[in-house]
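Here is a short tour for a newcomer. Keep the sequence and the 3D view side by side while reading.

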Amino acid sequence: MVDLKTKGKFLLNANLPDPDARMGRRKRAKLQNEQEGSELQAEKRPRTQSRWLDDQRKKTQLPTIHAGSDDTQSRPGKVSKADPADDEAAVGKKGAKRNQKLEAKKAQKTQKQADAARRAAEAAAEAVRGKAKAKEGQVSKAAAELIEKMRQGGAGGDRRLLAMVAERIAGDPEKDLDLFDVFFELHRKGSDAEVKLIALLSAVAVFRDLVPGYRIRETTEQEKSQVRSKGVLALERYELKLLQLYRRLLPELEASMRRHPSATSPALAALVKAAFDFNYRQRLIQTAVKHANDSDVTVRGPLIEGLQDMVEGDQRLEASKEVVLAIGRIAQGLAANRKFAAKKDDSQGDRGLQHELLKVLLRLPVGRADAAELAAMSGDFSTASDEVKQGFLESQITQSAEHLRKAEAELLYEVFVVYLRVLRQRHLHSRELLAAVLTGLAKWGQQVNLELLLEILSELKLTVTDAIKQADELVALRGLNCALVLLSGPSQALMTDVSWLSNSMTEALGLALPSLYSTHSEGGAWPPAGSFAFDEAGAVRTCEKKLVESLDISSAPILVLQCLEAALKCPQGYSNASDANLSALLEMLFTIALTADPHVGFPFLREASLLLRKHRRLHTLLDMEGGIFGLGGIADKAITLVWHIQPLTCSLASHTARAAKELPAAIPRRNALIVDMFPAIKEAREWLMTEFARHLASVTNAPKPPKLRSTASRSACSFATEKELRAALPSAEVDDAREATSKKK
């Protein structure tokens, strides 16, 4: 029988796990939230009549849609997530005051950021307009702290500081651009003059790597009104700092060019090559062109090279135009100064325009419009709108063919203004400058119209005539080459008097004979600098680009060869000339082959032989009597080439002697090839270019001289005594010698 008192005690005695102990923390929190959510709203807070009515009105309001309303508030039965009244009740008065202070601080910080961005934009606008000027001695906070911390140890410490600053700016320019003030501070207050100069050169070297390839423009009012991102604002501030640094750097560089031109000119040349598309381009190029006209070669040499590289890399042709305008202003000013100095007999008028400066114009990138037209946009855009075409053109990297053609026309106009100004004032300029002008006219002359071409030809006639009267073969040959090249182009149909060309050609070739002693006759060094160099193995390597440039500029044989080629191609030159003009030219060519250097005269012997073979009517020149090819007047003379060929057969150069012996018999024969007699020459120009290499090869193949005896082993030289002389000579001769000696004493 079961005891009822102990019937239910087994449940109390049973070892059962606690259900709350098994429940996790998250589950317990979830159950608690559910229990709290099941409570009535009225049990959470005391309910007043006004608040209860507001809650009921919000629950039962109809949905409405109007401007500025929130969709969640317009739906019935939906309560907003955060009720201000609830927040106020939960936060309290102290919390509300604390929130108000935080909101005020946040609004103040936002206002400060807006004011800073506005001031940065205004400063950028003023910097672009050229109104921002740095105060004397103004240094940024970061630069001042770095100078105070790291500047120690005298000049060596300053150099270490410059190196560290340059490395930091180059590594992270957007962060450490303020450290650029270290360069200006050390340039102003360096330990010595060398440190000051190194600081400026270091600043130029660092800025050259940072300068962008575009101009920084002012932000428009429309762009200011738009909301811009942090990246755009950061880029604007970085460009502002860069532009302000450049405004401080450029005047310092100009002042250093006046104090230390030789040391600063390479830095200015490097900046010209890097920043010719940046702001203040006109000022930079004018400074470079001004010092490129310096009389010191060490100053103008790096600047000339920098301007040449800049002109070759100019894609928009805007910087090239600035160079031409600057050269024109300098030429005009110097010509006026020389006129004034000539009236007052002042020696300062001797300084004129340097000819190397005009050689920069030979590198102008004229002709890119045709290349751009070939690479123009493909497809049919005839039905496209102007907006689509403009967008497509803006997306291209290169300029359009129409824009380039317009820029080339403006550029060539300014170039010919400079050329004609110098040519008409030729009595005020040097022969090298006139030669550079004539070279440029020969290169760009076919780009002008026929009216200007006739004017150029008339100036060329006067220039060549004056040069021949002054025995200036360089200007005369350059002028003849220019005239012949211009007449070989589209101006072949011109009806103008060119009878002066043949006589001037013969006279100019006669004047050039003393200059044909070497291929590099007009250059200051033999061989030209940079044309030849030794490689690692000790072999001689040739830089063809440098060699060709030097030959085109400073080689009289190459110039004579160019004149000869242009004369034979020109229809108004020697291609249809009379026998009298051709015979005079052949006589002068054989004279050049005879009197010039053997290496220089050999290609002219080949050209003269080919020309004589072509005109069979002139074969009588190979006879002893020769021929008379003029009008038979009293001034005419018989021309023969026998007396030119005969000494050529005795030339020390074996190839010249061998060819001269075979020419008289080979020229009249039709089945003989003149080229076979000159196997070493494929082209006359290539033969002239090998002058230095052939001389060097001859030296390397020469046998070594025998070893000389040491001076210690040499015996003293003994002279004959009077007794020995009497024994060797008759007594009368000894007496005569003694009398002559006594008379001299």
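Start with Asp209, an exposed residue with a relative accessible area of 60%. Asp209 sits in helix α12, which covers residues 193-210. Its C-alpha atom is 7.8 Å from that of Ala170, although the two are 39 residues apart along the chain. Keep in mind throughout that this is a predicted model.

**Other pairs across the sequence**

Ser256 makes a contrast in setting. Ser256 is buried, because its relative accessible area is 1% and the limit for buried is under 20%. Ser256 belongs to helix α14, residues 230-259. From Ser256 to Leu201 the C-alpha distance is 9.9 Å, with their positions 55 residues apart in sequence.

Asp623 lies outside the helices on either side of it, in the loop between α30 (598-614) and α31 (642-648). Asp623 is partly exposed, at 38% relative accessibility. Asp623 and Val642 are 19 residues apart along the chain, and their C-alpha atoms are separated by 6.7 Å.

The three pairs are set out here.

| Pair | Separation in sequence | C-alpha distance |
|---|---|---|
| Asp209 and Ala170 | 39 residues | 7.8 Å |
| Ser256 and Leu201 | 55 residues | 9.9 Å |
| Asp623 and Val642 | 19 residues | 6.7 Å |

**Charge on the surface**

Where does positive charge gather in a patch on the surface? The patch consists of Lys93, Lys94, Lys97, Arg98, Lys101 and Lys105. Take Lys93 as an example. Lys93 is part of helix α7, which runs over residues 84-129. Lys93 has a relative accessible area of 73%, so it counts as exposed.

There is a negative surface patch too. Glu544, Glu565, Glu683 and Glu686 form it. Glu544 is in helix α27, residues 544-553. With 59% relative accessibility, Glu544 is exposed.

**Salt bridges**

How many salt bridges does the structure hold? The count is 26. A few deserve a look.

Arg281 and Asp277 join their side chains in a salt bridge, at 3.6 Å from N to O. Both Arg281 and Asp277 are buried.

Lys321 pairs with Glu410, and their closest N and O atoms are 3.3 Å apart. This salt bridge links distant parts of the chain: Lys321 is in helix α18 (residues 318-344) and Glu410 is in helix α22 (residues 401-424), 89 residues apart. Lys321 is partly exposed at 26% relative accessibility. Glu410 is partly exposed as well, at 33%.

Arg363 and Glu549 form another salt bridge, with an N to O distance of 3.2 Å. Arg363 lies in the loop between α19 (355-359) and α20 (368-374), while Glu549 belongs to helix α27, so the pair ties together parts that are 186 residues apart in sequence. Glu549 is partly exposed, with 25% relative accessibility.

Some salt bridges share partners. In this way Arg424, Arg426, Glu455, Glu459 and Asp466 are joined into one network.

**Cysteines**

A disulfide is a covalent bond between the sulfur atoms of two cysteines. How many disulfides are counted here? The count is zero. Two cysteines can still be placed by their accessibility. Cys482 is buried, at 0% relative accessibility. Cys570 is buried too, at 0%.

**Backbone angles to check**

Most residues other than glycine have a negative phi. Which residues, though not glycine, have a positive phi? Tyr280 is one of them, with a phi of about 55°. Tyr280 falls in the loop between α15 (261-275) and α16 (281-292).

Ala471 is another, with a positive phi of about 60°. Ala471 is in the loop between α24 (450-469) and α25 (473-487). Ala471 is partly exposed, because its relative accessibility of 46% lies between the 20% and 50% limits.

Note on methods: Residues numbered from 1 in each chain as written. Predicted model: local features only at pLDDT ≥ 70, side-chain atom pairs only at ≥ 80, totals over all residues. Heavy atoms only, no water. Patch = residues over 30% accessible without salt bridge, like charges linked within 9 Å, V, L, I, M, F, W, Y side chains within 5 Å. Areas by Shrake-Rupley, 256 points an atom, 1.4 Å probe, with all protein chains shown as cover. Salt bridge = Lys/Arg side-chain N within 4 Å of Asp/Glu carboxyl O. Lys, Arg positive; Asp, Glu negative; His and termini not counted. Charge placed at Lys NZ, Arg CZ, Asp CG, Glu CD. Helix = DSSP H or I, 4+ residues; strand = E, 2+ residues; numbered from the N terminus. Buried < 20%, exposed > 50% of the residue type's maximum accessible area, 1.4 Å probe, protein only. Disulfide = S-S within 2.5 Å.
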